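This report covers selected salt bridges and the surroundings of one polar residue. The sequence and structure are shown first.

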Amino acid sequence: MTTARFMKIKGFRIAAAALMLLYMLPGCQQPAAKEVPVATYSAPADLPVNYRSTDFTVKAGDSGIDLYNGGNNSWNEPVSYGYFDLPGSSTIAVTPNFDYETFEIVPRSLGIKGERKGNAITFKLDRPANVSLVLDGNYHGKVLHLFAEEPEKDIPDPADPNVIYFGPGYHDHGDYGEPPTMIGSNQTLYISGGAVVRGRFRADHATGVTVRGRGILLNDYRSNDEYDDIALSLNGVTDSTVKDIIVNRDTNSWTSSMYGSSNVQVLNYKAVSPRYASSDGFNINSSHDIVFDGSFIHSADDAVAIKGLSQEEDPAKALPVYNITYKNAQLWSDANNGIGIGAETVAAYFKNITFSNIDILYNFDDRDHPDELPDRSAINIFALHGTEISGITFEDIRVEKAKRLINVQMDTSFYFGALQGNWAWPGSISGITYKNIVSYSDGTNEIKVQGWSKERQISDILFEHIRINGKKVKALNDPHFTINEYAHSLKVKP
């Protein structure tokens, strides 16, 4: 290579590097990512009008996004949601069809500020994300949830005899008293984008079950049969996957659950279930080796609860609960807890449970009994029975708004005596870690640790890097702590 040519190439590289460095400096505008058309899914033409939302108008780039009415929340305000595939970058425009003054886009961890022009709010998405819009700081008011998804791959063949396939359209399987559609071993339930299936689905003692698709499983009725009253129910299921679907439960009963199951993955699951109350988002009951990754849940009870459910009186004879990972989630609970372990704790033990990288968007205690239930919090462990709870980690959790921050408690009853406990057997809570917990909340931010007796105590609790409204929690004498005499070996690391 000639010296002149070498110097020309070298000079070009230096100039390019300098230009890149310039873009990285504060205040310097970086080149905008190229807009890519989104993939949209039209709502079914024959979808009953009460399932549609007209409170907001949404466009992604040049494409309109159809919106759904998920039902009224605890304060009788409708919750809207919509979804689309985002293969690249897109400008999102949301126009509330009513007056408002201020807006916020949550979670703040996404770093989205948005701009307002007239009544329209615009912001840029350059990667798939779940985004919620709150107006006038009113988490009890009309809110919008948008799910920008990765493009779907490996769509099942509708002709496959092992696939229960629902294409675009409205499919009503929800007649009163109609039993759930059963999913057997090695079967796939697929609900395509643009499909709304009104009904219930259940898998019993099955393996290799897959539930997936871009569409919506809708359930707005109570059941009248021998089966549980849950929209999606997995019982004794192994080596199975739930992926991508939206479950909209507009009645006061659990949205989804698993019981006695193992080796189950729940990926990119969304629940919109704002009806008061008992509309838990997806409960993990008496199960082990479970992974949740990428959930979004708006419920009016526990967004997620890990429970020990058994007819056994002696917890030692009941199924254990262990090896559970719950990560990369957004949780919104209009009642009870954002994250809950308990209150039903009839299990041989609870061990090796991790919650990480979670945004708790909102947590309220109870519509009918505000501030009367101090055992409810954004992050909760509540034991009603003499069992061992240990090896629990809550890490990298951000709380936008909540009544209380952390509760670790043993007690004899829950919700005015509706659930009764039994401490006839030994029990303890130990080895609990809270690390990198950040609260922006204007609630009390209380951290309560309440053991039961000299024989049944809470111990070995680490609070590491807890920050409340910009201030570090540095010691146990911090005013946010409430600790009784049956808790010991608690440590704070600022």
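Which residue forms a salt bridge with Asp85, and how far apart are the closest N and O atoms? The partner is Arg214, with the closest N and O atoms 2.9 Å apart. A salt bridge here is a side-chain nitrogen of Lys or Arg within 4 Å of a carboxyl oxygen of Asp or Glu. The pair links distant parts of the chain, 129 residues apart: Asp85 belongs to strand S4 (residues 78-85), and Arg214 to the loop between strand S17 (210-212) and strand S18 (216-219). Strands (E, at least two residues) are DSSP runs numbered from the N terminus. Both partners are buried, Arg214 with a relative accessible area of 2% and Asp85 with 4%. Buried means under 20% relative accessible area, exposed over 50%, and partly exposed in between (1.4 Å probe, protein chains only).

The model is predicted: local features need pLDDT of at least 70, side-chain atom pairs count only at pLDDT 80 or more, and totals for chains, interfaces and linings use all residues. Residues are numbered from 1 along each chain as its sequence is written, and side-chain values use heavy atoms, with hydrogens and water left out.

**Salt bridges**

Over the whole structure, the search finds 26 salt bridges. Three of them are listed below.

| Pair | Closest N to O distance |
|---|---|
| Arg214 and Asp85 | 2.9 Å |
| Asp204 and Arg202 | 2.9 Å |
| Arg249 and Asp229 | 3.1 Å |

In the pair of Asp204 and Arg202, Asp204 counts as partly exposed at 27% relative accessibility, whereas Arg202 is buried at 12%.

The side chains of Arg249 and Asp229 also meet in a salt bridge. Arg249 lies in strand S21 (residues 246-249) and Asp229 in the loop between S18 and strand S19 (232-235), so this salt bridge ties together parts 20 residues apart in sequence. Arg249 has a relative accessible area of 0% and is buried; Asp229 is buried too, at 15%. Elsewhere, Asp365, Asp371, Lys403 and Arg404 are joined into one network by salt bridges that share partners.

**Surroundings of Asn69**

Asn69 sits in strand S3 (residues 67-72) and is buried, with a relative accessible area of 18%. Its side chain reaches the backbone nitrogen of Gly71 at 2.9 Å. Beyond its neighbours within four places in sequence, Asn69 is in contact (heavy atoms within 4.5 Å) with Asn50, Tyr51, Arg52, Ser53, Pro78, Val79, Tyr81 and Asn248.

Notes: Helix = DSSP H or I, 4+ residues; strand = E, 2+ residues; numbered from the N terminus. Polar contact = N/O pair within 3.5 Å; in protein donor to acceptor, adjacent residues only side chain to side chain.
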